[in-house]
Amino acid sequence: MISRGETNKLVPVCAAALAAFGAVLAAAPAHADDGGELLNEINATRAANGCGPLAPNPQLTASAARHANDMLRTGVAAHTGSDGSSLAQRVTDAGYAGYSNIGEIVFWANGPGGSPAAAVNWWMNSPGHRAIITNCGLTEAGFSSVRSGSMMTATGDFGAK
């Protein structure tokens, strides 16, 4: 999570997930975005952990889509974009201003392990990502899950105002 004024802190990227990303992106065109499915799975997970549902936010969705597509296109699998952008820069660029708190979760997989359900399972087994998902103070979010061939990337951007 990044509180206002702490833009240099990013959720650490797990080395195991980086290994799962693979070195080569498939050449097939990207499929439709499964961000809505991710939102549904995350809200079910939050309910099971005592939190209310996240309200979908179009600015956070645009930020998440920018990052998921960037990771898919460039192979840069991290919380920092291939252009050097941070979460705070991406949400601000998307028009999400005046936030009090933001957080981001990212996922990438190559092969049959690439699905929204697999992403949520992985996130819930990662302490840093789980902390963001189960933070009841984060009330809005946007999700994007895109794929090209067997490669899938997903981003969830969370916020509170």
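A nonpolar core is a set of buried Ala, Val, Leu, Ile, Met, Phe, Trp, Tyr and Cys residues joined through side-chain atoms within 4.5 Å. Keep that in mind, since the largest such core here has 20 residues. One heads-up before we dig in: this is a predicted model. Its mean pLDDT is 84, with 81% of the residues at 70 or more. Residues 3–30 are the part to read with care, as pLDDT stays under 50 there.

**The cores**

- Inside the largest core, the residues with the most contacts are Ile42, Ile105, Trp123, Phe143 and Phe158.
- Which elements give two or more residues to this core? They are helices H2 (35–48), H5 (116–124) and H6 (127–133), plus strands E3 (101–110), E4 (140–148) and E5.
- Take Phe143 as an example: leaving out residues up to four places away in sequence, its partners include Leu38, Leu39, Ile42, Leu54, Ile105 and Phe158. Phe143 also touches Ala64 and Thr155, two residues that come up again below.
- Apart from the largest core lies another one, made of seven residues, among them Val91, Tyr96, Tyr99 and Ile102.

**Helix H3**

- H3 covers residues 58–74, which makes 17 residues. From first C-alpha to last, H3 reaches 24 Å, close to the 24 Å expected at 1.5 Å a residue.
- What caps the N-terminal end of H3? That's Asn57, which has a side-chain oxygen 2.8 Å from the backbone nitrogen of Gln59.
- Just after the helix comes Gly75, with a positive phi of about 80°.
- The buried residues of H3 are Leu60, Ser63, Ala64, His67, Ala68, Asp70, Met71 and Leu72.

**Thr155, a neighbour of H3**

- Thr155 sits in strand E5, which runs over residues 151–160.
- Is Thr155 buried or exposed? Its relative accessibility is 0%, so Thr155 counts as buried.
- On the H3 side, Thr155 touches Ala64, His67, Ala68 and Met71, and those four are among the buried residues of the helix.
- Other contacts of Thr155 include Glu104, Ile105, Val106, Gly142 and Phe143.
- There's a polar touch too: the Thr155 side chain reaches the backbone nitrogen of Ala68 at 3.4 Å.
- Along the chain, Thr155 and Arg66 are 89 residues apart, yet their C-alpha atoms are separated by 9.0 Å.

**Gln89, a partly exposed residue**

- Gln89 is found in helix H4, residues 87–93.
- With 41% relative accessibility, Gln89 counts as partly exposed.
- Setting aside residues up to four places away in sequence, Gln89 touches Arg66 and Gly84.
- The C-alpha atoms of Gln89 and Ser63 are separated by 9.1 Å, and these two residues are 26 apart along the chain.

**Aromatic rings**

- How many aromatic pairs does the structure hold? There are four.
- In one of them, Tyr96 and Tyr99 have ring centres 6.2 Å apart and planes at 5°, so this pair is stacked.
- Tyr96 is buried at 0% relative accessible area, and Tyr99 is buried at 4%.
- Phe107 and Trp123 make an edge-to-face pair, because their planes stand at 75° with the ring centres 6.3 Å apart.
- That pair links distant parts of the chain, with Phe107 in strand E3 and Trp123 in helix H5, 16 residues apart.
- Both Phe107 and Trp123 are buried, and together with Trp122 they form one aromatic cluster.

Terms used: Residues numbered from 1 in each chain as written. Heavy atoms only, no water. Expected span 1.5 Å × (residues − 1). Buried < 20%, exposed > 50% of the residue type's maximum accessible area, 1.4 Å probe, protein only. Polar contact = N/O pair within 3.5 Å; in protein donor to acceptor, adjacent residues only side chain to side chain. Contact = heavy atoms within 4.5 Å. pLDDT = per-residue confidence, 0-100. Phe/Tyr/Trp six-rings, centres within 6.5 Å; stacked < 30°, edge-to-face > 60°.
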